Amino acid sequence: MNAAPGRLAPRERTELGDYPVDAAWSGDGRMLLVAGGEGQLLLLAPDASGPPELIGRHEGGVLAVTWQPAGRLFASSGQDGEVRLWDARTRQGRLIHSSQAWSEQLAFADNGRLLALSTGRTLQLFDQHGELRASFAGHAGAIAAIAWRPRGDQIAAAGNGGMRLHRPGPPAESRDYPWPGACLSASWNADGRLLASGMQDGSVHLWNVASDDESQLPGLGAKVFATGWSASGRFLAAAAASVLVVWDFNRKGADAMRPIELAAHSERISALAFRPSGSWLVSAARDRRLLLWRVGSASEPQDAHLLADDCTLLRFSRDGARLAVGDSLGGLTVYDLTP
Amino acid sequence: MTSRIPVTVLTGFLGAGKTTLVNRILSENHGKRIAVIENEFGEVGVDHELVIGADEEIFETSNGCICCTVRGDLIRILGQLRKRRDRFDSVLIETTGLADPGPVAQTFFIDEELKEHYALDAIVTLVDARHIEQELASSPIALEQIAFADVILLNKIDLVDAAALARIERRVRGISATAAVIHSRNADVPLERVLSLHAFDLERALALDNAFLEPARPFEWAGIYQLAPGRHTLATGAPGHDHDHDHDHDHDQHTHDEGNRLAQVDLVLLPAADASAASIEALLESATTLFESEALQAAPGTALAPRLRHRLQLAPGAQFQIDVPDPASGCWALFSEHAPVEFGLHLHGAKPLVQREFGSHHHDLAVGSIGISDARALDANKVNDWLSYLLQSRGADILRMKGVLNLAGQNRRYVFHGVHMVFDGQLERAWSSEAPRRSRLVFIGRHLDRHELEAGFESCIAR
């Protein structure tokens, strides 16, 4: 299905019967795994007809899902304190971790060999067989976000008191990037040099892990709950309350620090996502609007759609051709995007 | 706005009975589904799908502003829980004993996403009647937990005597004039008095006690007696064990703490025109001035003279004399630093013909309540300016603020409540045609200045 250039073309909305909390595309973009807030783990095949396939449950609600980038494994965690590793071919899952506390973040490394999960103040790495390979405890606060460094074997964990970088090894090593504040997100730029985090105090903090410099981008007035880099690493986007801004890192001097506001949402922004290629950014807010931006070339949205309700998630497939959009009425819509 | 899920915050020192109450809430058949977020070290032994252990995590901002601190763990957990919201009706958050209630309460005013889905319903503070006086003496947190409370559960009342209970209740009311005070043993209290109160039933709370609408007085009680000339005996002590003894409990725990009894009390005696409330009113300023003069130490047996501040040294059964000069028989007003029940004050052969209580005035507590009640309509913009200024300049000291406002040109009540610098308000039901429109505000906090607050309020009157 081809959409007009620079437009989002929606497919039919799928009724999930559950609240979409998280979603993950298979590497080839054919399958979409959806985590339900009421506990359902659903598999959708956008190119095939038929209802979503229920493949499992987490009692109390699913928290997170992740799909092995070029493989057939995926993982899920839930409010039952369990983490399961699934095989898409057999639809069989097995328990690899269980605790009283929730494992709130999951992420497969780019090479697909390691699965990271965070549980409270601890980060753990499992291999493809579900064996524990490394455990990093003792974070200052609960881990709020994790992100694998592109083209590297390190993972960043954000939390209250700063950022930590872990290398699985052997030998395993960790490095602290302390900052007096609560880090809420973790986003690497494409070359893996810059690590950005949205902060509770309304600023965005930036670490250059290659040069060991760090800087703080000015405050947005409310907690910055989401950050993201464009594919080229030129643009950094951040959302706080109803404010959506981007910084252009091609700018020099004082100009580089001045955010460009993308003013279109009238209510609290719910999610943002850069397309994995090009400079396309999508944002969605409680005003039910889904907006497509061509960052750097226009200050008005390129395309706009009205959602059924508040957006719960935005997930691009790895090739950037598809965008999954969840809504809080329990629906999921796939949009096609042709640049 | 869709209906928000009510949140109850449970505070109180270790041993006050929080775990007992939480267990009762979980096990009692009340027909409600309540999600319980207990602190990591909680002792709730119930394995329950809606009991979630939280690691209390305070998010501070780099500017160090206490009013911006929130509970990061609650934002995450409640953010997840709301996604299955049709499966519970309300939320109960248990805090650790030493927790400052500020950040947990502020979380529900500051975080935009939580605010959309949850509303702080009430802060319930459990107070261990046996230990609260020592705790108040040694910990500012105990004081704050009471000051922040909407409901104070005075628990373990079977373990203190009537005099101590009266003293504690007065002291608690002196800190928070608007909190509902409920007596309990073993945290046994009807749950509808703790959960989903629809909050801050402000009008009821603000109507409860008028004492805090007045300037603080250095005395808690005044009474007028008719006394014949001659010598009268003023006795203290043995206020009477009129409380119920629960003979099932462990007697080792039944230790009325003698160390908590009052050691001294200040009294002033003044001639009164007659035995009327107006006479007490007329003497208030004289009595207040006398309470600011130097106190004369009075050992048991001392004869007390009019128009002097006596400091009675209390001992079990201590008696004092009052000599009424001849021919000045008639009415005499006695002003007492503490309520008579707290130290068993009584005059042999005489009862007060009229009496009046005043707000508690423990000067060791810098925390208190100040109320304002006024029928004049307010200018909404001016109110906004005033409250913004007040919260910016005094937000750290103002722990709680609640009010119902009579806004000019608005036929509905504006109801608000806040914590430190943040507050939440909305227009609620219309004013009734039967009762007059009247604004009522209360501020609970440290070092509050009535004059400053009244002047600020005055500046908001619609012209």
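In this predicted model, B:Arg400 stands opposite B:Ile444, a residue of β24 in chain B. That pair belongs to the antiparallel pairing of β21, residues 398-405, with β24, residues 439-446, which extends over six bridges in chain B.

Let me place these two strands in their sheet. The sheet is open, has five strands, and follows the order β20-β24-β21-β22-β23 in chain B, with antiparallel pairing. In chain B, β20 (367-374) and β23 (422-430) each have a single partner strand and stand at the edges, so one side of each is left without a neighbour in the sheet. From one strand to the next, the twist averages 10°.

Two helices of chain B pack on this sheet. Helix α6, residues 140-148, touches β20, β21 and β24 of chain B, and its direction makes about 10° with that of β21(B). Helix α12, residues 450-458, touches β20 and β24 of chain B, and its direction makes about 30° with that of β20(B).

I turn now to chain A. Strand β12 of chain A, residues 114-119, is largely enclosed by the rest of the structure, because five of its six residues are buried. Strand β11 of chain A, residues 103-108, runs antiparallel to β12(A) and is joined to it by five bridges; here A:Gln105 stands opposite A:Ser118. Their hairpin has five residues between the strands, and A:Gly112 takes a positive phi near 75°.

β12(A) also pairs with β13 of chain A, residues 122-127, in the antiparallel sense over six bridges, with A:Leu115 opposite A:Phe126. This hairpin has two residues between its strands, and A:Gly120 in the turn has a positive phi of about 60°.

Conventions: Residues numbered from 1 in each chain as written. Chains lettered and ligands numbered in written order. Predicted model: local features only at pLDDT ≥ 70, side-chain atom pairs only at ≥ 80, totals over all residues. Pairing = 2+ DSSP bridges. Helix = DSSP H or I, 4+ residues; strand = E, 2+ residues; numbered from the N terminus. Axes fitted to C-alpha atoms, helices over the stretch in contact; angles between N-to-C directions. Contact = placed C-beta atoms within 7 Å. Buried ≥ 20, exposed ≤ 12 C-beta atoms within 10 Å, placed from the backbone.
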